[in-house]
Amino acid sequence: MLYVDGNWVEEGQLAVHPEDRGYNFGDGIYEVVRIYKGKMYQWEGHLTRLYRSAREIMLDLPWRPEELSEIALQLIEKNNLTDQDDASLYLQISRGTAPRVHDIPSGIQPVIMAFVRKKARPLEEMKKGWSAMLVDDIRWQRCDIKTLNLLGAVMVKQYAKNAGAQESILHRNGTITECSSSNLFAVKNGALYTHPADYMVLHGITRQSVIDLAKENGIAVHEEAFDITFLKQADELFLTSTTAEIMSLISVDGQPIGEGQVGPVVKKLQALFEQHINESVLV
């Protein structure tokens, strides 16, 4: 069961208007929310970011936060998720339907669409880690807005896949930003380093959870830019995202990072994150 523009519809009944601005221009915003054991994780954080993204693209949302919360809860119920199910919730809002012009027409109504999918946690992959490759960051310069304009992210992800890696690490003139669909952290001498949450990266929900957990447990965090040389000399690398959680990157461009395996800091953070999930979602 999916929610589309105020209606509950079955799979296969969807129709996108040919002049929907999300379809024509990527003119819209979205969020992906993790569901652990039938309950949404960090929903308030996702809502806050959704409304911020809307403001940044001058999109007035007609729904109150509690209305969006009700839609999300109904999605979980109508799709029969139980307290044993892990899943993800996708929520997208386009600016709406209007004659195809590049400027923003007035008086159009935003269109909302949302669905849930059962999705297992990547627990085995988290034990082994991923490989990565360095790629020029070809995306636009407002990566802090979670919009539907994702072709750049799609391309850099595919570059990595074509090269036999599982993720791309993006850089602009040698300065590391983030990954194709996740935030990046380096570990050096027991401390974390990550690009500051400015317009060059998305301020990830899991990113912030990890920063908070690290600080609460005596791990120093430096939100500052670093370059390719620093990255390759890191003791550990890992990425964070809603679906990948905390994933170690054990090699870059075929060269091992540190010992070439999941390191002690990542293992500690994964354990802290597991405890955090249990305390914040499952209690």
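# Salt bridges and sheets, talked through

Biologist: Arginine 207: buried or exposed?
Modeller: Buried, with a relative accessible area of 1%. Buried here means under 20% relative accessible area, exposed means over 50%, and partly exposed is in between (1.4 Å probe, protein chains only).

Biologist: What kind of model is this, and what was filtered?
Modeller: It's a predicted model: local features need pLDDT of at least 70 and side-chain atom pairs count only at pLDDT 80 or more, while totals for chains, interfaces and linings use all residues. Residues are numbered from 1 along each chain as its sequence is written, and side-chain values use heavy atoms, with hydrogens and water left out.

Biologist: Back to arginine 207. Which residue does it form a salt bridge with?
Modeller: Glutamate 223, with the closest N and O atoms 2.8 Å apart. A salt bridge is a side-chain nitrogen of Lys or Arg within 4 Å of a carboxyl oxygen of Asp or Glu. This pair links distant parts of the chain, 16 residues apart: arginine 207 sits in helix α6 (residues 205-216) and glutamate 223 in strand β12 (residues 221-223). Helices (H or I, at least four residues) and strands (E, at least two) are DSSP runs, numbered from the N terminus.

Biologist: And glutamate 223, how exposed?
Modeller: Partly exposed, at 36% relative accessible area.

Biologist: How many salt bridges does the structure hold?
Modeller: 19. One of them joins glutamate 245 and arginine 121 at 2.8 Å, N to O. Glutamate 245 lies in strand β14 and arginine 121 in the loop between β6 and α4 (123-128), so the pair ties together parts that are 124 residues apart in sequence.

Biologist: Why do those two count as buried?
Modeller: Glutamate 245 counts as buried because its relative accessibility is 0%, and arginine 121 because its value is 15%.

Biologist: What about aspartate 137?
Modeller: Aspartate 137 forms a salt bridge with arginine 139, again with 2.8 Å between the closest N and O atoms. Both of these residues are buried. There's also a salt-bridge network linking Arg52, Glu56, Arg142 and Asp144.

Biologist: Switching to sheets. What's the strand order in the six-stranded one?
Modeller: β2-β1-β6-β5-β3-β4, an open sheet with antiparallel pairing. Two strands pair if DSSP finds at least two bridges between them. The edges are β2 (7-9) and β4 (39-40), each pairing on one side only.

Biologist: How many bridges join β5 to β6?
Modeller: Eight, between β5 (residues 87-94) and β6 (residues 111-118), running antiparallel. Tyrosine 90 stands opposite phenylalanine 115 in β6.

Biologist: Which strands does helix α3 touch?
Modeller: Helix α3 (residues 65-78) packs on the sheet and touches β1 (2-4), β2, β3, β4, β5 and β6. Contact means heavy atoms within 4.5 Å. The direction of α3 makes about 35° with that of β6. Axes are lines fitted to C-alpha atoms, for helices over the stretch in contact, and angles run from 0 to 180 degrees between N-to-C directions.

Biologist: Why call β7 largely enclosed?
Modeller: Six of the seven residues of β7 (residues 130-136) are buried, so the rest of the structure largely encloses that strand.

Biologist: What does β7 pair with?
Modeller: β14 (residues 245-252), parallel, over three bridges, and β8 (residues 167-172), also parallel, over five. Serine 131 has serine 251 in β14 as its bridge partner, and methionine 133 has serine 168 in β8.
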